[in-house]
Amino acid sequence: MKNGLGSSKYKPAEYKRLQAIADAKRQESDLIGQKVQKTRCAAKATKESSILRQHRQVWSRECPRLRKAEEAAETDIHEFVEQLRPNGRTDTAIFSLQDYGLDLEREREAFRVATVEPVHQLRDDLRFRLGEVQHQQLTAHRSNWEQVVQQIRFVKDQQDEVNAKLQTEYLALEEEIICLGLEKYLTNTSDNLVDIENVPEEVLHSDCPYPELKDSFIQAFHSLSGRYQSRLQRLQEQAQRTDRFCGWCADDHQCFQFTASQYTNDIPNHRALYMDMLQRLFPDKTKQDLMEHERVWDWQRFTQAQLRAVTQQWQRDHKELLVRALVTLQDARHAHQEELELHRDHQHQQDICSHLREKLRQWRAQQEEVAKLEAVIAARQQEEREARLKREQEKETAIRSQQKEKVRQFYLNQQKRMEVLERRDRERLANLRSVMEEQARRDKERVQFRAEMLQRRREEIKAQELERQREEEEKQNRLEVLRNQISVVAEADPERMMADTEAWRSRHLNIKEFELQRPLYSINTYTDTQIVSDPRVRVEQALREAGLHQSHYAKEVLSVIKPPKPPRRDTSSVLKF
């Protein structure tokens, strides 16, 4: 059949060998995947340890600052309490406050003795027990360790009860403080700091000889108050859009503020660090929620900063206007006195008033221009802040997309590399098969040739053996003929038998000749075996045979090789040529 089952064109498939190759490739792919996964885990662990180390550095810098702040606050409280003095004999509130402070100190000491010292004693006891049983078997003291574990659990339950009780007392005390309404005295808003509706008493009840000037100053104060009142009202409306804690509970917002305050701008990569810490503190909130809360908090802080800035501007402008008004009123009074004294005419008074009104108008225009410029600057700063936040978000998005592209490129490169390796293995397998087939054909021809040569050699050896046996028989026959021809019957000769043989006499003569042939003196030098045993001579001979004995490579190789025995110190020279 042509190209059928009996044809030699198609060979039967070796399924077992192909399955073994596929299993090897699959195992190699699994190993590569395990290495990649291990590398990813190692990189993730390294990144996590680096982030934790940076968090520890931030906390190590923040902890002394908080400790100093705590010590300073306690010092201020003690100094304040010590500086208090009673107003009279009936004023006993100060003594009650001091007694209350002493009671708090005693309660704190009693609490430390009752809760903290047992924990330290238990810790010291455990360290002592661990030091005793360090070189012993733990099974020998199973009952003692069970008692220790029960004691530890009892102390732990007791500490949990104490912490729960302290938390309950803390919440009750916080609620009591909130009920007292002290928060309104601690807040720092523009409503309780300034009263922009009122005109200063110095201007309102001043003795001004020019009512128009006084009315113009009053109108200037009202205009200034109206302008800042509108700005403050707009900022307060913006601040009232969100509550005090930006939509979160008080504890979460305070934790957010404290964490953000730890990571200042001088810390490298501070934003990523405090976002990572916030994600650790608030695992139930997404990164988008944290960024939204941060944006609301930034807007609230910006609004409060604007409120403070507007309040400070109002105070500054109010103070300047008051000073200018007082100076102008004083000038007006002096001018009126001079006018009364010199009996100046009414036209001069109108000129003075018009001049002063012009100055006031110019100053008002300048103030309005300054206010407009400050408002424009504040709006521009807000736009820059929003643009910076937008750029940071776009930068993070670009970095994330780049990382995804790198991962995709990595997998594509891996796939291409696997395809190249597979194609290379197929080509190598085909080459090996062709080489093996050619080698098998040559080996078959070589074996056949060797068998023929062996057969011919055997035949030659057999013919040579037959020829040798025939020659040996002929030789024996000839020797036998010679023996028969030269056979002699010797007579008995005892003297010849006891005399020296010719061989003995010739050996003694050879000894004398050998002594005559000895050299006149001995030569102390190396033999050829000792010279060849030196590896430098063998390497130099190999390089000379390869034609490399004069190359730079040969010089470097010979300079590195050491002799079999180190040279004596007296043979080395200190001279340098």
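Does Tyr411 count as buried, partly exposed or exposed, and at what relative accessibility? Tyr411 counts as partly exposed, at 42% relative accessibility, where buried means under 20% relative accessible area, exposed over 50%, and partly exposed in between (1.4 Å probe, protein chains only). This is a predicted model, in which local features need pLDDT of at least 70 and side-chain atom pairs count only at pLDDT 80 or more, while totals for chains, interfaces and linings use all residues. Residues are numbered from 1 along each chain as its sequence is written, and side-chain values use heavy atoms, with hydrogens and water left out.

**Aromatic pair**
- The structure holds one aromatic pair (ring centres of Phe, Tyr or Trp, the last by its six-membered ring, within 6.5 Å).
- Phe410 and Tyr411 form this pair, with 5.8 Å centre to centre and 65° between the planes; the arrangement is edge-to-face, as planes over 60 degrees apart are called, against stacked under 30 and tilted for the rest.
- Phe410 is partly exposed, with a relative accessible area of 34%.

**Helix 14**
- Helix 14 (a DSSP run of H or I, at least four residues, numbered from the N terminus) covers residues 535-546.
- Its twelve residues should span 16 Å at 1.5 Å a residue (taken times one less than the number of residues), and the end C-alpha atoms are 16 Å apart, which agrees.
- Gly547, which follows helix 14, has a positive phi, near 80°.

Methods. Helix = DSSP H or I, 4+ residues; strand = E, 2+ residues; numbered from the N terminus.
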